[in-house]
Amino acid sequence: MKRNMKTLYMLLCALVLLTSCKKEEPAAKEDLYPDVPVTVPSSSAIATFYQNTAFYQLFIYRYDPVTLKWTSRIVGHYPTIAADDSSYMGFTNPYVADSGVPLFDMVRLYAGQLGGTNIKTARINADKVLQFFPDFDGAKTGIVRIRKQDVVLTKTANAGTFRIGISGGGTYDETAKLIDLEVVYDETDIGGTGQTVKFKISTVALTLN
């Protein structure tokens, strides 16, 4: 009887130890940007990073893993609000017909496939890109999620199109007016394996290097 009690006690201790260790394990990366966030999309975050002003654009910078430096500002990111879902902020060019935006520097990252870096001929437009979820109701900080989708890029001289998938996420701070973002590119359509690139998005110019 005593031996059975001792065995049971040891099993209980092992179970408690295993449970406590499991709680200390860091969350998997994909869990940081859950498919079903615990809060509703933030309208105040949209108001922070979007202005209903013609030709208004954000300051967006890409981290270059080769030079280990941030690029200069990637000009041409016009934030727009999706007509059928105001919880999404996208990047489109409503000011120039048959044009687009550089969308996370894709015109430079895929210049070889495009045949150049011309934003107008690449015609990249995505009306639902970022969605903001506060850490708790009323919070000014939270996570930002990239809507998983395929983005169409047009080759120079209308020589066909190809698709690059985007997904990922990051964090935002309304007070600092800053977004830290990781964009995951799916390059299956061009025979690539994909890559993950870091960006900083701000309403004002940043000094990063």
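In this predicted model, aspartate 180 and lysine 200 form a salt bridge whose closest N and O atoms lie 2.5 Å apart. Because aspartate 180 belongs to strand β9 and lysine 200 to strand β10 (residues 195-202), the pair ties together parts that are 20 residues apart in sequence. The two partners fall into separate exposure classes: aspartate 180 has a relative accessibility of 29% and so counts as partly exposed, while lysine 200, at 18%, counts as buried, the limit for that class being under 20%.

The search of the whole structure finds 5 salt bridges. One of them joins glutamate 174 to lysine 140, with 3.7 Å between the closest N and O atoms. This pair links distant parts of the chain, 34 residues apart: glutamate 174 sits in the loop between β8 (161-173) and β9 (178-186), and lysine 140 in the loop between β5 (126-134) and β6 (141-146). Glutamate 174 is buried, its relative accessibility being 8%, whereas lysine 140 is partly exposed at 43%.

A further salt bridge brings together the side chains of arginine 108 and aspartate 105, at an N to O distance of 2.9 Å. Here the acidic partner is the buried one: aspartate 105 has just 1% relative accessibility, and arginine 108, with 41%, is partly exposed. Both residues also take part in a network of salt bridges that includes Arg62.

Attention now turns to the nonpolar residues. In soluble globular proteins, nonpolar side chains tend to be buried together. The largest nonpolar core of this model comprises 38 residues, and Phe104 and Leu130 have the most contacts inside it. Once neighbours within four places in sequence are set aside, the contacts of phenylalanine 104 are His77, Phe91, Leu109, Val129, Leu130, Leu181, Val183, Tyr185, Phe199 and Ile201. Leu130, the other residue with the most contacts inside the core, is thus itself among the contacts of phenylalanine 104.

Nonpolar side chains also appear at the surface, where Phe55, Tyr95 and Val96 make a patch of about 260 Å². Phenylalanine 55 is placed in the loop between α2 (43-49) and β1 (59-64). With a relative accessible area of 48%, phenylalanine 55 counts as partly exposed, since the exposed class begins over 50%.

How values were computed
Residues are numbered from 1 along each chain as its sequence is written. This is a predicted model: local features need pLDDT of at least 70, side-chain atom pairs count only at pLDDT 80 or more; totals for chains, interfaces and linings use all residues. Side-chain values use heavy atoms; hydrogens and water are left out. A nonpolar core is a set of buried Ala, Val, Leu, Ile, Met, Phe, Trp, Tyr and Cys residues joined through side-chain atoms within 4.5 Å. Buried means under 20% relative accessible area, exposed over 50%, partly exposed in between (1.4 Å probe, protein chains only). Contact means heavy atoms within 4.5 Å. A salt bridge is a side-chain nitrogen of Lys or Arg within 4 Å of a carboxyl oxygen of Asp or Glu. Helices (H or I, at least four residues) and strands (E, at least two) are DSSP runs, numbered from the N terminus. Patches are made of residues with over 30% relative accessible area and no salt bridge: like charges are joined within 9 Å, nonpolar side chains (Val, Leu, Ile, Met, Phe, Trp, Tyr) within 5 Å. Accessible areas come from the Shrake-Rupley method with a 1.4 Å probe; for residues, only the protein chains shown count as cover.
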